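Student: Got a minute to go through this one with me? I'd like to start with the empty space inside.
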Amino acid sequence: MSTPITVAYGDGIGPEIMEAVLSILRGAEAKISIDIIEIGERVYSKEWSHGISPSGWESIERTKILLKSPTTTPQGKGHKSLNVALRKNLGLYANIRPCISYHPVIENKFGKFDIVVIRENEEDVYTGIEHRLTGDSYQCTKIITRSGSEKICRYAFEYAKKHNRKKVTCLTKDNIMKMTDGTFHAAFDRIAKEYQDIKAEHYIVDIGMARVATEPENFDVIVTENLYGDILSDIVAQTSGSVGLAGSSNIGNEYAMFEAVHGSAPDIAGKNIANPSGLLNAAVHMLIYIGQVGTAKLIYDAWLKTLEGGIHTADLYKEKRSKQKVGTKEFAEAVIDNLGKKPKTLSELIIGSDPNSKVDKIQDNYEQDYKIKKLVGSDITLAWSKPADFDQIVKLFESSNPQIIAIYSKGLAIWPGSSKSSSDQITCRFIANNEITNSDVNNLLIKFEEHNFDVVRMDKLYLYDGKEGFFS
């Protein structure tokens with residue numbers, strides 16, 4: 001019985017590498033039925049700002065699986081990222097990027113390593129929430145949830161368990177972002193306790209990435225937030241010898257999307273020189289996901305055999321190591337010719353001992369972790385073009401409840417104190433001795449308005465079971 005999938009040819013080199021991959025899937029007799037949709041630049045030019053039409057959405061909702069070539073997002077004019085739209089609308093919370101070195105066939109500096117980067121896919125600064133607050137100041141909001149953090153960390157440990165992996169590493173920057181990244185780290189530690197057979201470790205992201213870049217053989221599965229994971233996965237893919245070889249899976253509880261890591265490369269489009277390997281590896285991940293493990297292994301081993309045979313596209317071709325430089329179509333034909341053959345030097349595709357290597361559906365598990373939430377103050381941000389003299393504000397609110405206790409500029413306390421550093425925005429922190437109401441906060445805003453101050457942002461400050469839910 002065939003599994004229905006949606007296929008999108010994309011932009012730039014997308015159509016030619018997709019055709020190459022589909023020819024290999026046909027050659028391997030993959031049991032799939034294909035519904036082709038149009039996405040990307042041509043759709044952006046119509047009336048759909050996300051680069052996908054309603055009929056495209058309908059196809060994905062019907063098949064629940066998308067094999068997608070790279071797309072191009074037009075610059076300006078309010079166009080939104082198609083990838084971000086797909087991940088959010090389909091609930092694709094986990095991005096999985098296996099990054100394997102193909103030493104000694106593909107040159108790299110580190111020999112053999114095999115890392116899987118598991119990246120949270122819906123939160124962090126990739127929510128796209130940005131504001132211009134003043135003439136000089138811009139803001140990007142970082143969203144991290146406890147439930148989303150636990151979900152992706154559990155996925156990472158379940159993936160490790162299913163695929164016989166021995167260690168999961170977490171990367172955060174919780175020495176600086178104590179609340180957001182601290183929440184992710186705490187979630188990792190909680191989930192790790194449930195998997196005693198798998199080693200768990202944590203690094204601050206900067207030293208962690210440095211170690212991955214210089215000693216990749218010491219890492220196994222890495223789980224991290226959206227932005228860090230995006231950067232890290234490209235670092236690891238490049239360390240392996242070529243970003244062009246890496247495939248990517250985007251997994252949710254109902255839907256899944258499979259794509260290459262690289263972009264649409266319009267400068268080489270239509271020239272039959274693009275390497276289809278990244279999209280082919282994504283298709284291999286798709287076959288594993290839909291339970292066609294044997295076909296996945298058949299294709300992957302044939303691909304490795306082709307690389308071993310020195311049949312390389314232009315991006316991999318090295319005169320001393322390669323035997324033949326081929327185009328996109330010819331590379332696909334070589335892989336088809338090698339179906340049924342196994343590599344001699346490179347490691348065959350190994351699926352976990354569990355016959356069902358697909359990670360089971362992971363439910364959201366949000367439980368309120370506090371009993372009493374208490375409003376105690378507010379941070380009110382003003383556009384500020386005056387000298388660093390805050391007497392007017394301090395006098396205005398000297399008898400207010402809540403009381404003004406500090407003024408910050410870009411997180412630095414500039415009152416009370418002697419710091420002269422400031423920008424064209426300042427944040428006034430108001431704290432009460434006891435619980436206050438929304439009306440008390442509104443009264444602060446009204447007073448600012450009455451005295452012609454320009455309020456550009458307001459954040460309420462709460463205690464959760466007596467613990468501050470704010471930091472600076």
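Student: So which residues line the largest cavity?

Tutor: First a caveat: this is a predicted model, where local features need pLDDT of at least 70, side-chain atom pairs count only at pLDDT 80 or more, and totals for chains, interfaces and linings use all residues. Residues are numbered from 1 along each chain as its sequence is written, and side-chain values use heavy atoms, with hydrogens and water left out. The largest cavity is lined by V84, R87, K88, N121, E122, Y126, T127 and N226. On a 1 Å grid over the protein atoms alone, a cavity is a set of points where a 1.4 Å probe fits but cannot get out, and lining residues have an atom within 4 Å of a point.

Student: How many cavities of 30 Å³ or more are there?

Tutor: The structure holds 1. About 40 Å³ of space lies in the largest cavity, volume being the space filled by probe spheres set on grid points that are joined across faces, edges and corners.

Student: Which helix gives the most to that lining?

Tutor: Helix 4, residues 82–89, with 3 residues. Helices here are DSSP runs of H or I with at least four residues, strands are runs of E with at least two, and both are numbered from the N terminus. By class, the cavity lining has 2 nonpolar, 3 polar and 3 charged residues. Ala, Val, Leu, Ile, Met, Phe, Trp, Tyr, Cys and Pro count as nonpolar, Asp, Glu, Lys and Arg as charged, and the others, Gly among them, as polar.

Student: OK, pockets. What volume does the largest one have?

Tutor: About 2100 Å³. A pocket is an open set of points with protein on both sides within 12 Å along at least five of seven lines. Of its 45 lining residues, M179, T180, G469, F470 and F471 are the closest to the centre.

Student: Which element gives the largest share of that lining?

Tutor: Strand 19, with 6 residues. Among the other elements giving two or more are helix 5 (146–162) and helix 6 (180–192). The pocket lining splits into 17 nonpolar, 14 polar and 14 charged residues.

Student: Back to helix 5 and helix 6, then. At what angle do they cross?

Tutor: Roughly 45°, with the axes coming within 8 Å. Axes are lines fitted to C-alpha atoms, for helices over the stretch in contact, and angles run from 0 to 180 degrees between N-to-C directions. That makes helix 5 oblique to helix 6; under 35 degrees counts as roughly parallel, over 145 as roughly antiparallel, 65 to 115 as roughly perpendicular and the rest as oblique.

Student: And which residues make the contact?

Tutor: On helix 5, R146, S149, E150, I152, C153, R154 and F157; on helix 6, T183, F184, A187, F188, R190, I191 and A192. Contact means heavy atoms within 4.5 Å. These residues divide into 8 nonpolar, 2 polar and 4 charged.

Student: New topic: backbone oddities. Which peptide bonds are cis?

Tutor: N401 to P402 is cis, with omega near 10°, and P402 sits in the loop between helix 12 (391–396) and strand 16. W415 and P416 are also joined by a cis bond, omega about -5°. P416 is in the loop between strand 17 (412–415) and strand 18.

Student: What about phi at N164?

Tutor: Positive, about 55°, although N164 is not a glycine. N164 lies in the loop between helix 5 and strand 8 (167–172). Most residues other than glycine have a negative phi, and most peptide bonds are trans.
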